[in-house]
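Q: Please show me how to read a model such as this one, taking one feature at a time.

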Amino acid sequence: MTNIPDAPNLQQHTLEDALNIISGSVGALSTMGCIVNIALTYYFRKSKITIGKMILILAIFDILNHVPWILFAFASATPVSCQILSWISYFGFTSSIFFTTCFAHALSQSVRGGSIDHVEKYTKRYIAVAIIAGLIAGTLAVGIEFREYDEDSSICITRPVDGFNWGSLLLLIIPGTASIVGCTYFYFLTIKMLRSLARRQHWELLVYPMILVICLSPTLLRRFLDLFGYEIFTSPPMRVVIRGLFGAQGFLNSLAYGLSREICNAIKKTCCRTKRSESLMDSVSSSVDDPHSFQKRNTVNYL
């Protein structure tokens, strides 16, 4: 007689599949947004300045964070690929949130120094901190097999743990909480200095640390309480929202940069130049077709 899986396990398995699909879909949006950010930064030659370099590096870390989730959701896994993608994912995630914290520090230092270029001397340190943190997290994720291959569905899932979940503490709660505290501190410090100096040039950039706080806080709160046996946000719709928000950091970062005043102004200038060029070409073409009309317009202009 065929064994029928019990309803709770079946429901949990179905929810895990749905969460993977949400992560993959939001991860795809975040990845596309990061690619657009990289393209805009290079096209408008912002990569030569400090802020442009930091935008590029953050976009790369975000891509490394989200691409594995796309593959987790829409491609069949193997035990080996599951661990490789886990390493890449947690390397990208940890590097991204640490570099965002460094970004918040850079903003406070730039306000204090009067220019974003004032933090050029810190850039290599920021990159080193982010990469080292990412290497530790990625290696730890593989070492403790935080994610494992599920033979029934051929996907990579978070490994169930009986008792205290050290993996969740070390890979998510501690680095995430440190980044939230750091971003919040530097955010309010920068706000305070900007108000006292009556400056506005860095207000838009302050969105980055706040995006991190908003995206990570619900997941970290749920994971932290889960360590002590308190389960909140257990309903499937709430879990879907939290998982989607957790994966949306790269996408929201791309919106914050793509819709920033500096990039919008650069796009407008490019469009205006294109329109002026087209208008000039039309004028030249018209004068060639009707030389008398061209002479008449010039006579009127000189009068």
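**Reading the model step by step**

Q: Over residues 1-10, what does pLDDT do, and how many contacts beyond four places in sequence does the model have there?
A: Residues 1-10 keep a pLDDT under 50 throughout, and the model has zero contacts for them beyond four places in sequence. This is a predicted model, so confidence comes before any detail. Where pLDDT is low, the predicted coordinates should not be read in detail. A second such stretch is residues 293-303, where pLDDT also stays under 50. For residues 293-303 the model has four contacts beyond four places in sequence.

Q: What is the average pLDDT of the protein chain, and where is confidence lowest and highest?
A: The chain averages a pLDDT of 80, and 80% of the residues score at least 70. Helix α10 (residues 291-302) has the lowest confidence, with a mean of 43. Helix α4 (residues 123-143) has the highest, at 95.

Q: How many helices and strands does the protein chain have, and in what order do the elements run?
A: It has 10 helices and two strands. Read from the N terminus, the order is α-α-α-α-β-β-α-α-α-α-α-α. A list of elements does not tell you how they pack, so contacts are the next thing to look at. Of the contacts in the chain with a separation of 6 or more, 78% are between residues 24 or more positions apart.

Q: What percentage of the residues count as buried, and how much area does the chain expose?
A: The protein chain has 303 residues, and 45% of them count as buried. Its exposed area is about 16,800 Å², with carbon and sulfur atoms supplying 65% of that.

Q: Why should helix α2 span 36 Å?
A: Each residue of a helix adds 1.5 Å, and the expected span uses one less than the number of residues. Helix α2 covers residues 50-74, so its 25 residues should span 36 Å. The C-alpha atoms at its ends are 37 Å apart, which agrees. As for cover, α2 is mostly covered, with 18 of its 25 residues buried.

Q: Which residue forms a salt bridge with K53, and how far apart are the closest N and O atoms?
A: Side chains of opposite charge can pair when their charged atoms come close. Here K53 pairs with E120, and the closest N and O atoms are 3.6 Å apart. The two come from distant parts of the chain: K53 is in helix α2, E120 is in the loop between α3 (79-113) and α4, and 67 residues separate them. The total count is one salt bridge. E120 has a relative accessible area of 36%, so it is partly exposed. K53 is also partly exposed, at 30% relative accessibility.

Q: Is Q249 buried or exposed?
A: Buried means under 20% relative accessible area. Q249 is at 3%, so it counts as buried. It lies in helix α8 (residues 249-258), where seven of the 10 residues are buried. Among the buried residues of α8 are Q249, N253 and A256. Leaving aside residues up to four places away in sequence, Q249 touches S96, I97, T100, I211, L212, C215 and L216.

Q: Which residues does I211 touch, not counting residues up to four places away in sequence?
A: I211 touches Q249, L252, N253 and A256. I211 belongs to helix α6, and because its relative accessible area is 8%, it is buried. I211 and N253 are 42 residues apart along the chain, but their C-alpha atoms are separated by 7.2 Å.

Q: Which residues make the nonpolar surface patch?
A: F164, W166, L170, I174, F224, F228 and Y230 make a patch of about 760 Å². Helix α5 (residues 166-197) gives the largest share, three residues. F228 sits in the loop between α6 (207-227) and α7 (236-246).

Q: What is the phi of R45?
A: Most residues other than glycine have a negative phi, and most peptide bonds are trans. R45 is not a glycine, yet its phi is positive, near 55°. R45 lies in the loop between α1 (7-43) and α2 and is exposed, with a relative accessible area of 64%. E145 also has a positive phi, of about 50°, although it is not a glycine. E145 is in the loop between α4 and β1 (147-150) and is partly exposed, at 42% relative accessible area.

How values were computed. Residues are numbered from 1 along each chain as its sequence is written. Side-chain values use heavy atoms; hydrogens and water are left out. Helices (H or I, at least four residues) and strands (E, at least two) are DSSP runs, numbered from the N terminus. Buried means under 20% relative accessible area, exposed over 50%, partly exposed in between (1.4 Å probe, protein chains only). pLDDT is the predictor's confidence in each residue, from 0 to 100. Contact means heavy atoms within 4.5 Å. Patches are made of residues with over 30% relative accessible area and no salt bridge: like charges are joined within 9 Å, nonpolar side chains (Val, Leu, Ile, Met, Phe, Trp, Tyr) within 5 Å. Accessible areas come from the Shrake-Rupley method with a 1.4 Å probe; for residues, only the protein chains shown count as cover. A salt bridge is a side-chain nitrogen of Lys or Arg within 4 Å of a carboxyl oxygen of Asp or Glu.
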